[in-house]
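Here is my note on the model you sent round. The points are numbered so that you can reply to each in turn.

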Amino acid sequence: MWVRDVPERRLSVTLHQPGPIPLDVEFACDAGDVLAIFGPSGGGKTTILRSIAGLYRPAHAAVRSGADTWADTDAGTFAPPHRRAVGFVFQEYALFPHLTAAGNVMTALGHRPQHERRDRADALLNLVHLTERSGRRPHELSGGERQRVALARALAREPSVLLLDEPFAAVDRTVRRRLQDEIDQLRRTLDIPLILVTHDFEDVVRLATHVLLLERGTSVAAGALNTLMSRPDLSWLREAVGLGAVFDASVARRWPDRGLIELAFEGGMLLAADRDLAMGTTVRVRIPAREVILATREPEGVSLHNVLSGTVSAIHADPAFDHVIVQVAVGRVLLLAEVTRDAIGRLGLAAGMRVHALIKSVSIDLLAVQPPR
Amino acid sequence: MDWTALRVSLWLGAGTIAILLPFGMWFGRLLAFRQFRGKLLVEALVTVPLVLPPTVLGFYFLVTFGARSPLGQAFQALVGESLPFTFEGLLFASAIANVPFVVQPIQRGFEAISADIRDAAACCGLTPWQRFLRIEVPLAWPSILTAAILTFAHTLGEFGVVLMVGGNLPGQTRTLSVAIYDRMQAFDDRSAGVMAATLLVIAVATLMATTALSRRVGPRRA
């Protein structure tokens with residue numbers, strides 16, 4: 001799309017304030033990465049995005065994008081929103097109702113010469129598959145179409161960071177899937193940090209490369225998606241959506257007649273239910289901890305397809321929960337298994353022990369499909 | 001038909017709009033978007049001219065800007081002319097009397113623009129001034145238009161303030177509404193009738209124009 005000569009395009013953010021909206025977070029996001037800020041509604045997620053954009057001024061803030069300092073309360077630096085190169089997609093899209101789709105996009109093209117704006121707006125609307133709707137006003141567009149206009153408008157500014165505030169909250173499930181895939185495609189070409197605020201876990205596993213768990217304005221845990229999803233100790237996440245390892249795998253073999261596909265991952269092979277995927281397709285896999293069974297000996301004559309050998313790397317027993325989470329290293333992937341306290345004692349499970357993780361092919365969730373390059 | 005009086009009336013209406021519209025857009029927007037201490041009191045003060053009898057307004061104007069008041073004397077020293085009983089004085093008083101007619105609709109118009117829209121405009125790289133001209137004014141436009149037309153129509157019909165502040169000087173402060181009263185006092189029913197009909201026609205025409213314009217602008221809003 002466009003290339004900028006900024007060597008470092010990392011966005012780094014530090015926000016602290018006791019109130020009125022409590023904030024206590026510190027994170028960075030590199031170009032090409034998608035950081036999902038995930039947490040319950042009203043936890044200060046939107047306030048973080050607004051602080052990055054300069055729409056909100058917390059008591060203590062340091063926001064840096066590449067070589068630019070957008071805010072530094074210690075140094076007394078504060079750039080107003082129109083001087084920060086941010087693309088912001090608002091939850092309700094906030095399109096200008098008196099302007100057409102093209103007019104909305106052109107509003108964000110002020111940095112380009114007048115005669116280029118029309119063509120550039122058309123190109124951006126084309127990018128979000130809205131070419132034939134460019135003359136329509138927002139009230140003549142569907143929810144999904146408005147979202148696309150909002151996205152095109154956010155990109156028009158050639159932002160050095162893209163902020164998405166609950167971007168799929170206002171569209172139905174099918175549209176949501178398509179938009180998620182499109183944003184996933186788009187971010188690979190953009191090469192800027194992308195910050196996604198959501199309370200929908202599906203958005204996180206489908207889109208994010210990194211996650212920040214936020215509770216009452218405070219970062220509870222943060223890290224790469226697969227690392228974080230393999231942690232056995234995130235009680236809030238466990239309560240909200242259940243734990244489960246997430247990692248990427250690629251389609252290595254297909255057995256349409258058996259209704260199965262074989263997936264290669266950094267720990268071996270997995271058999272999953274066929275989804276008509278081409279060879280070489282990259283898929284994001286999630287294996288819910290509740291669906292994983294542990295065995296100390298390799299079982300025979302079972303109906304399930306996946307028996308993965310590994311080593312117990314951690315056992316997490318939280319008094320708040322009845323069950324125990326066992327983390328098993330299979331190659332470089334850390335699986336999670338939720339088992340009863342009784343099973344721990346019966347099998348004598350301990351860190352370092354060799355175990356087999358048993359997983360039904362139908363229990364494997366395939367998400368965020370990425371076709372082969 | 002007193003053409004001079006009609007001319008004074010029209011000039012007074014146009015002048016009042018010219019003075020008040022920029023003020024109303026600034027002040028109405030301020031009241032719409034800003035929270036500050038004493039806002040309730042300020043909003044009440046803006047509304048006062050709406051509920052006060054025009055004679056009370058005129059009385060205070062004369063007390064404040066009369067030849068014996070410090071303000072009046074200062075003005076006279078500066079301009080060489082006193083405010084009361086001149087067109088300029090009448091214009092000034094008319095502007096004050098019309099503050100609520102301008103500020104309130106404009107305030108409502110700006111209030112109807114969501115904070116998200118304004119934030120989005122800022123995130124599009126628009127400066128505060130560009131946001132005002134390209135996003136806020138076009139969206140508040142029907143309200144601004146309503147304010148202007150209301151003010152114009154109200155100024156044409158103003159009677160109490162004109163009589164108190166302006167007196168009844170032909171070509172200076174005798175407006176059509178005062179001229180009608182004048183003609184009635186002189187038992188010149190025919191002239192009064194013609195002028196009354198003229199005012200009625202203007203009033204109906206302006207109201208029709210408002211409705212037509214707001215309908216034309218209306219569908220643009222989501």
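**Notes on the model**

1. Start with a hairpin. In chain A, β17(A) is joined to β18(A) by a hairpin of six residues. Bear in mind throughout that this is a predicted model. The two strands are antiparallel and share six bridges, with β18 covering residues 324–330 of chain A. One pair to look up is A:H316, whose bridge partner in β18(A) is A:I325.

2. Now the other neighbour of β17. Strand β17 (residues 306–317) of chain A also pairs with strand β20 (residues 354–359) of chain A. That pairing is antiparallel, over six bridges. Here A:T311 has A:R354 in β20(A) as its bridge partner.

3. Next, β18(A) and β19(A). They pair in the antiparallel sense, and the bridges number seven. A:A329 is matched with A:L334 in β19(A).

4. Put these pairs together. The result is an open sheet of five strands in chain A, ordered β16-β20-β17-β18-β19, with antiparallel pairing. Which strands sit at the edges? They are β16 (292–295) and β19 (333–339) of chain A, each pairing on one side only. From one strand to the next, the twist averages 45°.

5. A:A357 is worth selecting. Setting aside neighbours within four places in sequence, its contacts are A:V292, A:L294, A:L308, A:G310, A:V328, A:V330, A:L335 and A:A337. A:A357 is also among the residues that touch the most other members of the largest nonpolar core.

6. The core itself. It holds 154 residues. Those touching the most other members are A:V105, A:L163, A:I195, A:L335 and A:A357. Which element gives the largest share? It is helix α8 (residues 128–157) of chain B, with 11 residues. Within chain A, domain 1 (11–232) and domain 2 (244–370) both contribute, so the core lies between them. As a general background, nonpolar side chains tend to be buried together in soluble globular proteins.

7. The domains of chain A. Domain 1 spans 11–232 and domain 2 spans 244–370. Their centres, taken over C-alpha atoms, are 34 Å apart. Nine residues of domain 1 of chain A are in contact with 14 residues of domain 2 of chain A. On the domain 1 side, α6 (201–207) and α7 (225–229) of chain A each supply at least two residues. That side of domain 1 of chain A divides into five nonpolar, two polar and two charged residues.

8. A second hairpin, in domain 1 territory by numbering. Strand β10 (residues 210–215) of chain A pairs with strand β11 (residues 218–224) of chain A. The sense is antiparallel and there are six bridges. A:V211 stands opposite A:G223 in β11(A). The hairpin has two residues between the strands. Check the backbone at A:R216, where phi is positive, near 45°.

9. A:V285 in strand β15. That strand covers residues 282–288 of chain A. Is A:V285 buried or exposed? A:V285 counts as buried because it has 22 C-beta neighbours inside 10 Å, and the cut-off is 20 or more. Beyond neighbours within four places in sequence, A:V285 is in contact with A:V246, A:F247, A:A249, A:L263, A:F265, A:I364, A:D365 and A:L366. The C-alpha atoms of A:V285 and A:V205 are separated by 8.9 Å, although their positions lie 80 residues apart along the chain.

10. The interface between chains. Here 20 residues of chain A are in contact with 17 residues of chain B. The chain A side divides into 11 nonpolar, six polar and three charged residues.

11. Chain B. It has 11 helices and zero strands. Its C-alpha trace spans about 65 × 45 × 30 Å along the principal axes. Of the 222 residues in chain B, 39% are buried. Take contacts in chain B between residues at least 6 apart in sequence: 75% of them join residues at least 24 apart.

How values were computed: Residues numbered from 1 in each chain as written. Chains lettered and ligands numbered in written order. Predicted model: local features only at pLDDT ≥ 70, side-chain atom pairs only at ≥ 80, totals over all residues. Domains from an automatic or database assignment. Contact = placed C-beta atoms within 7 Å. Helix = DSSP H or I, 4+ residues; strand = E, 2+ residues; numbered from the N terminus. Nonpolar A, V, L, I, M, F, W, Y, C, P; charged D, E, K, R; others polar. Pairing = 2+ DSSP bridges. Core = buried A, V, L, I, M, F, W, Y, C linked by C-beta atoms within 7 Å. Buried ≥ 20, exposed ≤ 12 C-beta atoms within 10 Å, placed from the backbone. Axes fitted to C-alpha atoms, helices over the stretch in contact; angles between N-to-C directions.
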